[in-house]
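Got your viewer open? Load the model and get ready to click through a few selections.

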Amino acid sequence: MNWDVLIVGAGKIGRMVGVVLESQPEYSVTVADTNEAALAEVAKLGLKTAKVDVTKEDELVAALKDKQAVLSAAPYFLTPAIATGAKKAGTHYFDLTEDVRGTKFVMDLAKDADTAFMPQCGLAPGFVGVAGYHLAKQFDKVEDLSMRVGALPRFPTNALKYNITWSTEGMVNEYCNPCEALVDGKLVEVPPLENLQTFTLNGTEFECFNTSGGLGTLCDTLSGHAKNVSYRSIRYPGHRDILKILLQDLKLQDRQDLMCEIFNTALPVTKQDTVTVFCTATGTIDGKYEEKSFLNVSTPMDVAGKEWTAIQITTAAGVTAAMDLMRTGKLPSKGFVRQEQIDLDEFLDNRFGGMFLGKPLETAQKTDKAA
């Protein structure tokens, strides 16, 4: 079955997902937004566009007519409106949010739904949960599962050693909210920006610290099997200390809008980025204490004749692989679907998921698309 998909959000990630799906004969895409300038940029990529205000339910439901799926690539605070519209329209729902409250809203919404609701389909949460669960299920009992992800500039120059590579609103949100974790087998909330750790990969030094939302539903899934489960964002050394000054000492955590404005004004955008996923698990296997790790580093690559950043590639790979696995019957098509229900090998073998490993995506011209 072919899928007609509505993507809400004409930003960096929405455009990338649109191009990736539209390049395949089984998918047709429309990108919706209220920003006419952003939609004009999307149209230059050869994608269909629609001006839709998702806060108006009737307008969203009308746009979802005859659509098999909707993807929210919009700011996290629009999640409830888009998910509610999807349920009313009878459309499968996917999103890229890291917002814990939004995901709990979607989970409740999905309880009596006739279609699938699969939030947190991006990088973290998203693929990191697939990789982390792949490690965890190899153990009879998990002592520690540490999951770390970084979307970073390859050539940092400012004091923060950071450039804008994805949603500023999403980044600031995860710096400010409590973080879920399993500690001694119990689900707890731990403060953001804490649990600082330094490590070295391939001769480069990094730091990582608590941020919100990256675990998705993994703590719940691993309850009773894992003792400690944590998620931290990877940055270059010194980033965390500056954040604590800005967010806590200067109280910008209470003015997230101003923090976003500062970041968007002062930090340049870069297309020269890298995405690192680094998961480590320790525990017992057949009575022996063992450690297993997963490491993947992604860089920009060409898709459909255009160069895309690593964060665009990895986020798009996460959600398009999830869609494709559901479309082909490898994931449930009803109710709430967790990221860890995706098998890592199936994900990486998928044509979309393979982009995570730098595998080229074969494309088809629009005139060649299947009916």
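Here is a short tour, one selection at a time. Keep in mind that this is a predicted model.

**Stop 1: the annotated domain.** Select residues 122-345 and give them their own colour. An unreviewed UniProt entry annotates this stretch as "domain: Saccharopine dehydrogenase-like C-terminal". Over those residues the chain is 29% helix and 34% strand. Put a distance label on the C-alpha atoms at its two ends and you should read 17 Å.

**Stop 2: a serine in a loop.** Now go to Ser23, in the loop that runs between helix H1 (12-22) and strand E2 (27-33). Is Ser23 buried or exposed? Its relative accessible area is 6%, so Ser23 is buried. Show the side chain and look for its partner: a polar atom of the Ser23 side chain lies 2.6 Å from the backbone oxygen of Val20.

**Stop 3: aromatic pairs.** Switch on the rings of Phe, Tyr and Trp; the count of aromatic pairs comes to 12. Begin with Trp3 and Phe94, whose ring centres are 6.3 Å apart. Their planes meet at 55°, which is why the pair counts as tilted. Trace the backbone from each ring and you'll find that the pair links distant parts of the chain, with Trp3 in strand E1 (residues 3-8) and Phe94 in strand E5 (residues 92-95), 91 residues apart. A surface view should hide most of this: Trp3 is buried at 5% relative accessibility, and Phe94 is buried at 0%.

Next, select Phe127 and Phe294. This pair is tilted too, because the planes are at 55°, with the centres 5.9 Å apart. Which elements hold the two rings? Phe127 lies in helix H6 (residues 127-136) and Phe294 in strand E14 (residues 288-298), so the pair ties together parts 167 residues apart in sequence. Phe127 is buried, with a relative accessible area of 1%, and Phe294 counts as buried at 15%. Before moving on, add Phe347 and Phe356 to the selection: together with Phe127 and Phe294 they form one aromatic cluster.

**Stop 4: charges over rings.** Two last picks. Select Arg148 with Phe199 and turn the view until you look down on the ring; the charged end of Arg148 sits over it, 5.6 Å from the ring centre. Then try Lys306 with Trp308, where the lysine lies over the face of Trp308 at 5.5 Å from the ring centre.

Conventions. Residues are numbered from 1 along each chain as its sequence is written. This is a predicted model: local features need pLDDT of at least 70, side-chain atom pairs count only at pLDDT 80 or more; totals for chains, interfaces and linings use all residues. Side-chain values use heavy atoms; hydrogens and water are left out. UniProt positions are given in the numbering used here, feature names are shortened, and annotations may be inferred rather than shown by experiment. Helices (H or I, at least four residues) and strands (E, at least two) are DSSP runs, numbered from the N terminus. Buried means under 20% relative accessible area, exposed over 50%, partly exposed in between (1.4 Å probe, protein chains only). A polar contact is a pair of N or O atoms within 3.5 Å; within protein, one must be able to donate a hydrogen and the other to accept it, and residues adjacent in sequence count only if both atoms are side-chain atoms. Rings of Phe, Tyr and Trp (its six-membered ring) pair if their centres lie within 6.5 Å; planes under 30 degrees apart count as stacked, over 60 as edge-to-face and the rest as tilted. A charge sits over a ring if NZ of Lys or CZ of Arg is within 6 Å of the ring centre and within 35 degrees of the ring normal.
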